[in-house]
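Work through the following exercises with the sequence and the model side by side. Each task is followed by a solution that goes step by step.

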Amino acid sequence: MKQIILVLALIFGTNAVSAQQDVINKHSGEVVIGKVVKLEEYTIVFKYEGEDAENTISKYAVEKIIYGISGRLEEITEKIVINGEEDWNKVVILEDRGYISGLKKGDEVRGKTGLVNFQTGNTGDKKAEKKLKMDAAKLGCQFILLTADKVTVGANSNVIGGSQAIKKGIGYKY
């Protein structure tokens, strides 16, 4: 009789511990079971069930968190859907490697203006950014980790056509 009570206590105790685990739902459909340690501006710090090491995941990769103790549901980010190049304006440019944690790496993307162009510096920069985002959208990537952002300046930099904007990055998806 004591053994049956002990076994039942262990089963219910294990279920109670599991119910206290947080559930992190990623946009990719993956579910992470663990304990959320803290939410930062762009990242979530958590521990996997049964581990002490802290892990970090980008908020961009996470749809929602269901907290185990309270059962509260917290929406984190909306899923970005890219159907092709026409959705280029939905692509998000990231400048910190910490913001890509939990996303899948894609191919390199580029955007630049022509060496001889009729753009001012600011307009050329926006045009290069648009081309960069269009290249990522064509690949189905929702995010770009910016790896290079430069402007080459010629002798006539103060006049229209005197500079070229070049942007490079790596595409990332859910």
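**Exercise 1.** How many aromatic pairs does the count come to?

*Solution.* Before counting, note that this is a predicted model, in which local features need pLDDT of at least 70 and side-chain atom pairs count only at pLDDT 80 or more, while totals for chains, interfaces and linings use all residues. Residues are numbered from 1 along each chain as its sequence is written, and side-chain values use heavy atoms, with hydrogens and water left out.

Rings of Phe, Tyr and Trp (its six-membered ring) pair if their centres lie within 6.5 Å, and a pair is stacked with planes under 30 degrees apart, edge-to-face over 60, and tilted otherwise. By this rule there are 5 aromatic pairs. In one of them, the rings of Y42 and Y60 have centres 6.4 Å apart and planes at 25 degrees, so this pair is stacked. It links distant parts of the chain, since Y42 lies in the loop between β2 and β3 and Y60 in the loop between β4 (54–58) and β5, 18 residues apart. In another, the centres of the F143 and Y174 rings are 5.7 Å apart and their planes stand at 80 degrees, so the pair is edge-to-face. Here F143 belongs to strand β9 and Y174 to the segment after β10, 31 residues apart. Y42, Y60, Y99, F143 and Y174 form one aromatic cluster.

**Exercise 2.** Classify Y42, F143 and Y174 as buried, partly exposed or exposed.

*Solution.* Buried means under 20% relative accessible area, exposed over 50%, and partly exposed in between (1.4 Å probe, protein chains only). Y42 has 31% relative accessibility and is therefore partly exposed. F143, at 1%, counts as buried, and so does Y174, at 12%.

**Exercise 3.** Describe the surroundings of strand β1 and of its residue V23.

*Solution.* Strands (E, at least two residues) and helices (H or I, at least four) are DSSP runs, numbered from the N terminus. Strand β1 covers residues 22–26 and contains V23. Because 4 of the 5 residues of β1 are buried, the strand is largely enclosed by the rest of the structure, whereas V23, at 22% relative accessibility, counts as partly exposed.

Two strands pair if DSSP finds at least two bridges between them. β1 runs antiparallel to β2, to which 4 bridges join it, and D22 has G34 of β2 as its bridge partner. These two strands form a hairpin with 4 residues between them, and G29 in the turn has a positive phi of about 100 degrees. β1 is also joined to β5 by 4 bridges, again antiparallel, and the partner of V23 there is I66.

Contact means heavy atoms within 4.5 Å. Leaving aside residues up to four places away in sequence, V23 touches V31, V32, I33, K64, I65 and I66.

**Exercise 4.** Where in the chain is confidence lowest, and where is it highest?

*Solution.* pLDDT is the predictor's confidence in each residue, from 0 to 100. The chain averages 85, and 77% of the residues score at least 70. Confidence is lowest in helix α1 (residues 2–19), at a mean of 50, and highest in β5, at 98. Over residues 6–10 the pLDDT is below 50, and this stretch has 0 contacts in the model beyond near neighbours in sequence.
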